[in-house]
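Me: Could you take me through the helix packing in this model, slowly and in detail? I'd like to follow how the helices sit against each other.

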Amino acid sequence: MRFLDEYRDPVAAGKWVAAIRALVTRPWNIMEVCGGQTHSIVRFGIDELLPPSIRLIHGPGCPVCVTPVELIDKAVAIAARPEVIFCSFGDMLRVPGSASDLFRVKSLGGDVRIVYSPLDAVKVAEENPGRKVVFFAVGFETTAPANALAVAEAHRRGLGNFSVLVSHVLVPPALEAVLSAPGRIVDGLLAAGHVCAVMGTEEYPPIALRHRVPIVVTAFEPLDLLEGIHMVVKQLEEGRHEVENQYHRLVRAGGNRPAQDLVKEVFRVKDRAWRGIGTIPMSGLGLREDYAAFDAEGIFEVEGVGGPESPDCRSGLVLQGLLKPTECPAFGTTCTPDNPLGATMVSNEGACAAYYRYRRHSQEPAHGV
Amino acid sequence: MAFELNCPVPLRHETIQMAHGGGGRMMRDLLEAVMLPAFRNDTLESRHDSALLPDPGSRLAFTTDTYVVRPRFFPGGDIGELAVYGTVNDLAMAGATPRFLSVGMILEEGYPIEELRRVVASMRRAADRCGVAIVTGDTKVVDKGKGDGIYINTAGIGSVPGDLVVGPGQVRPGDAVILSGDVGRHGVAVMSVREGIAFQTPVESDCAPLHGLVRGLLDGGVTPHCLRDATRGGLAAVLNEIATDGKVGVEVVEAAVPVVPGVEGACEMLGLDPLYVACEGCLVAFVAGPDADRAVILLRAREGGEGAVRIGTVVEDGRGTVILRTRLGTRRILDLLSGEQLPRIC
């Protein structure tokens with residue numbers, strides 16, 4: 001398929017792998033920030049192609065995984081109310097709260113619907129004036145503009161029955177937290193391409209400078225990832241720590257200004273708890289005062305709702321790159337996609353789920369077809 | 001006199017009433033005006049509580065399946081033909097020649113009778129295409145809100161020739177894995193309507209009978225070790241089921257699995273893997289290694305098998321693991337999913 005096959009070409013991939021091998025003189029730990037990158041790496045087995053001295057560490061960039069357990073519990077509490085139609089992206093439905101999840105709420109009669117765009121939820125609100133429609137506004141900077149647009153649209157159309165349960169997080173503060181953590185092992189970063197398509201790259205040079213790490217804005221296809229890794233390794237070997245852009249076919253330094261303006265219009269930056277990691281200052285988005293009427297947390301008075309995280313889940317360490325999923329004692333035993341302890345085992349982009357799905361294979365030699 | 005599908009006896013109501021399932025005159029009217037004319041055959045005409053079937057003089061295959069697809073009409077098919085092909089295909093996968101079907105319908109109060117006529121007409125066309133007769137049936141009506149318009153159960157009987165044994169237990173290391181065509185079309189077609197997602201290239205369901213393909217293999221002298229149609233859970237689910245039940249490993253080459261661009265594009269956009277998306281007209285055949293090329297040629301000669309390809313090989317592995325060789329040449333597990341695939345956030 002056009003615009004896809006050319007980024008998955010095995011011959012070109014082999015050339016990048018050879019180029020990386022030719023560069024490496026010592027071990028390097030490279031973190032891919034985005035869960036979409038993690039998924040691609042494991043799906044295509046990119047880490048297996050790399051020389052053993054290059055270790056990929058899976059970063060915190062999975063919005064589903066870092067949504068705090070209290071927010072899932074709040075979503076569950078709101079979705080269970082008879083007057084509510086609860087709309088969400090599909091992969092939030094299976095994420096375990098402390099006692100339940102949205103699929104379970106649905107099976108008990110809750111009106112929980114999967115939508116593909118936040119504007120679909122606005123439409124549901126318009127079509128159901130007698131019901132309260134809540135959209136689970138989850139994500140990084142990538143989904144923030146569309147979610148802001150939904151709130152702005154609902155405001156413009158005067159929809160009093162639409163609200164959002166906001167769980168928005170920001171990448172740069174999370175990177176600061178990861179890079180500042182004691183015992184940090186990360187030498188270089190692949191920044192999340194789609195986040196930068198929205199936000200641009202201007203937030204990253206101070207981070208690269210302060211922590212002396214090369215940062216390469218990288219896309220998601222196999223050749224993109226290999227090129228991004230090559231660029232990081234080259235900087236590391238040359239002792240540089242700059243911000244470079246592999247994803248130049250989409251990412252501009254300034255990003256997408258209208259999208260940024262929309263986000264600023266609707267949201268404000270605030271402290272945010274990250275599941276498994278804890279609170280990171282100024283690392284999330286909340287609704288501005290002008291849009292407080294659309295805040296589901298206020299409307300449904302769910303303050304104080306939320307139970308504790310499973311004590312056996314080490315997803316916090318996984319999300320910070322301090323533990324490989326397979327190194328967790330619960331991995332594949334007490335924690336599986338059928339019975340997940342934490343969100344990293346559920347989400348399409350969760351590192352644990354990616355490892356579970358693609359990585360429990362035997363090491364027998366391949367047989368030809 | 002030739003029977004005309006589009007010349008229905010008039011009914012007093014335009015929608016299904018509770019009384020249409022009540023055992024009285026209205027139920028009789030519905031059967032005579034809609035069901036019997038559509039399905040007409042001698043066995044059904046006898047109007048017994050049971051259909052009396054001739055002794056086929058062979059072993060019988062017997063299966064049942066229930067159809068609740070939403071939407072009821074989707075690009076490339078509808079619930080009626082799906083209910084016929086699905087059960088016919090289950091019979092065919094046992095190596096059976098499909099012969100007879102039963103039809104049980106659960107109708108929701110208020111369901112338009114006009115649509116019911118379309119569904120039963122579609123079932124008749126599908127049955128004729130498969131050479132099966134619908135010989136017995138049942139209709140129930142549930143209160144408005146307790147159903148989704150129409151649910152259909154079909155059960156099927158087929159005759160199995162000679163001492164043919166087809167099943168996971170027959171699969172051996174060295175067997176070739178053959179796929180009859182491209183995967184994922186049914187799932188994407190249904191999703192495109194259900195979720196209101198319009199694609200540039202509309203994708204039509206692959207909904208089709210598969211008994212002709214099986215017949216092609218058998219008549220051509222290839223006895224498949226195992227056959228399975230890839231439905232819910234897609235190709236990945238089928239391969240895992242057979243690997244687990246047959247206690248063998250399966251190695252599949254990702255690049256060999258055909259996926260049409262419309263399906264590939266939709267899956268990329270929604271974050272789905274086409275190997276897990278439902279098909280309704282695609283079979284996987286496990287044949288002895290030396291039969292592989294002939295099996296592909298035989299399948300390609302039949303309608304619906306034009307795209308047949310070899311996608312993999314059976315290997316020794318008592319744990320029943322399915323391994324995918326990726327486009328980049330790496331190997332990874334191709335696992336069963338915990339549940340349905342969910343579209344991802346970004």
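Reply: Here is a close look at two helix pairs, one after the other. This is a predicted model, in which local features need pLDDT of at least 70 and side-chain atom pairs count only at pLDDT 80 or more, while totals for chains, interfaces and linings use all residues. Residues are numbered from 1 along each chain as its sequence is written, chains are lettered from A and ligands numbered from 1 in the order written, and side-chain values use heavy atoms, without hydrogens and water.

Let's start in chain A. Helix α1 (residues 10–23) of chain A and helix α12 (residues 222–238) of chain A have axes that come within 10 Å and cross at roughly 15°. Axes here are lines fitted to C-alpha atoms, for helices over the stretch in contact, with angles from 0 to 180 degrees between N-to-C directions; helices (H or I, at least four residues) and strands (E, at least two) are DSSP runs numbered from the N terminus. That angle makes α1(A) roughly parallel to α12(A) (under 35 degrees; over 145 is roughly antiparallel, 65 to 115 roughly perpendicular, the rest oblique).

Contact means heavy atoms within 4.5 Å. From α1(A), residues including W16(A), I20(A) and L23(A) take part, and the α12(A) side includes L226(A), H230(A) and E237(A).

Now to chain B. Helix α1 (residues 25–39) of chain B packs against helix α4 (residues 113–130) of chain B at an angle of about 25°, with their axes 8 Å apart. The two helices α1(B) and α4(B) are therefore roughly parallel to each other. Among the residues that meet are L30(B) and F39(B) in α1(B), and R117(B) and M123(B) in α4(B).
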